[in-house]
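This report describes the fold, the core and a few single residues of one protein. The sequence and the model are shown first.

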Amino acid sequence: MAQITLKQVEKSFGKDHVVRSLDLTIEDGSFTVLVGPSGCGKSTTLRMIAGLEKQTAGEIWIGDRCVNGVEPGKRNVAMVFQNYALYPMMTVKENIEFGLKNRKVPKAERERLIADITEIVGLSSYLHKKPQSLSGGQRQRVALARAMVKKPDVFLMDEPLSNLDAKLRSQMRAELIQLHKRIGTTFIYVTHDQVEAMSMGDRIIIMNGGIVQQSDSPMDIYNDPANRFTAEFIGSPP
Ligand code: ADP
Ligand code: MG
């Protein structure tokens, strides 16, 4: 588990300032949702935390470590995407095991981790199936399990449910909330959907134009929006 701190983090692509001076603290063990309209810089922010994108200025801290210059594989974070590319020729178990083998985790430990985690995400009876025979929700669970076996300090999720139909999406939201309660790891969840944000997060960060508009509990944002953008985006009463 770890707190994430961003200190005056900026990101430009050429002349395009897509993230402007982010100062943020994401509390250890929180379910933090980063929400805002398309193009506001959410994915870029998440990718900078993961180390997949290098910030132009500022510092990123994970726990008590400044991770500027630390490669993605050494940050102890796991990222779950919307396009959870599973290996089609491998079974569910092999998909989950692949990264563990790469990191030379001993077989007994791999077996134990896979058994524990597939139990948590409800995949125990699908271990020997191939991805194409799974539903979208089951595939998303495989992607989650694959991230969970890394025992990351932080889960970074970028619109992980947006490829699912509405019914499955609402079921998976509930499952993710339960999962977070159960494992207690810091979650940072990105979405452009304010309803999803307000129903999932215990902490909401609203972004627009590369700037944080408000960072608060859902209740505080609803009852006391910081500005007009936030009020309109969330649909708070005037
Ligand atoms: P969001 O996830 O909130 O929709 P992004 O972080 O993906 O937004 O993108 C923010 C802005 O940065 C957008 O204008 C996007 O076009 C731009 N952008 C993102 N990645 C790159 C890149 N690799 N090169 C140039 N511009 C980019
Ligand atoms: Mg995005």
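A crossing of two helices is called left-handed if the near helix is turned anticlockwise from the far one by less than a right angle, and right-handed if it is turned clockwise. By that rule, helix 4 passes helix 5 in a right-handed crossing. The model is a predicted one.

**The helix pair**

Helix 5 covers residues 166–183, and it packs against helix 4 at an angle of about 35°, the two axes being 10 Å apart. On the side of helix 4 the contact is made by Gly 136, Gly 137 and Gln 140, and on the side of helix 5 by Leu 168, Gln 171 and Met 172. Sorted by class, these residues are 2 nonpolar and 4 polar, with no charged residue in the contact of helix 4 with helix 5. Glycine is counted as polar here.

Gly 137, a residue of helix 4, can be followed further. Beyond its neighbours within four places in sequence, Gly 137 is in contact with Leu 164, Leu 168, Gln 171 and Met 172. Is Gly 137 buried or exposed? Gly 137 has 17 other C-beta atoms within 10 Å, so it is partly exposed, given that a buried residue needs 20 or more and an exposed one has 12 or fewer.

**Overall fold**

The protein has 8 helices and 10 strands. Its radius of gyration is 18 Å, close to the 18 Å that the globule rule gives for 238 residues, so the protein is as compact as a globular protein of that length. The C-alpha trace spans about 50 × 40 × 30 Å along its principal axes. Of the 238 residues, 36% are buried. Among contacts with a separation of 6 or more, 66% join residues 24 or more positions apart.

**The core**

In soluble globular proteins, nonpolar side chains tend to be buried together. The largest nonpolar core in this model has 55 residues, and Leu 156 and Ile 188 are those with the most contacts inside it. Helix 4 supplies the largest share of this core, 6 residues.

What does Ile 188 touch outside its own stretch of sequence, leaving aside neighbours within four places? Ile 188 is in contact with Ile 26, Thr 32, Leu 34, Leu 46, Ile 49, Val 154 and Leu 156. Leu 34 is also touched by Lys 42, along with Gly 36, Val 190 and Met 207, not counting residues up to four places away in sequence.

Lys 42 is placed in helix 1, residues 42–50. Lys 42 is buried, because 24 other C-beta atoms lie within 10 Å of its own.

**Exposed residues and positive phi**

Tyr 87 lies in the loop between strand 6 (77–80) and helix 2 (92–102). With 11 other C-beta atoms within 10 Å, Tyr 87 is exposed. Its contacts, leaving aside neighbours within four places in sequence, are Asn 95 and Phe 98.

Lys 151 is in the loop between helix 4 (136–148) and strand 7 (154–158). Lys 151 is exposed, as it has 12 other C-beta atoms within 10 Å. The phi angle of Lys 151 is near 50°, a positive value in a residue other than glycine.

Ser 21 also has a positive phi in a residue other than glycine, near 45°. Ser 21 belongs to strand 2, residues 16–26. With 15 other C-beta atoms within 10 Å, Ser 21 is partly exposed.

**Distances in sequence and in space**

The table sets separation in sequence beside the C-alpha to C-alpha distance for some pairs that involve the residues above.

| Pair | Apart in sequence | Apart in space, C-alpha to C-alpha |
|---|---|---|
| Gly 137 and Leu 161 | 24 residues | 8.5 Å |
| Lys 42 and Asp 158 | 116 residues | 8.4 Å |
| Tyr 87 and Val 154 | 67 residues | 24 Å |
| Lys 151 and Lys 54 | 97 residues | 24 Å |

Lys 42 and Asp 158 are thus 116 residues apart in sequence and 8.4 Å apart in space, whereas Tyr 87 and Val 154 are 67 residues apart in sequence and 24 Å apart in space.

Conventions:
Residues are numbered from 1 along each chain as its sequence is written. Chains are lettered from A and ligands numbered from 1 in the order in which they are written. This is a predicted model: local features need pLDDT of at least 70, side-chain atom pairs count only at pLDDT 80 or more; totals for chains, interfaces and linings use all residues. Helices (H or I, at least four residues) and strands (E, at least two) are DSSP runs, numbered from the N terminus. A nonpolar core is a set of buried Ala, Val, Leu, Ile, Met, Phe, Trp, Tyr and Cys residues joined through C-beta atoms within 7 Å. Two residues are in contact if their C-beta atoms, placed from the backbone, lie within 7 Å. The radius of gyration is taken over C-alpha atoms; the globule rule is 2.2 Å times the number of residues to the power 0.38. Axes are lines fitted to C-alpha atoms, for helices over the stretch in contact, and angles run from 0 to 180 degrees between N-to-C directions.
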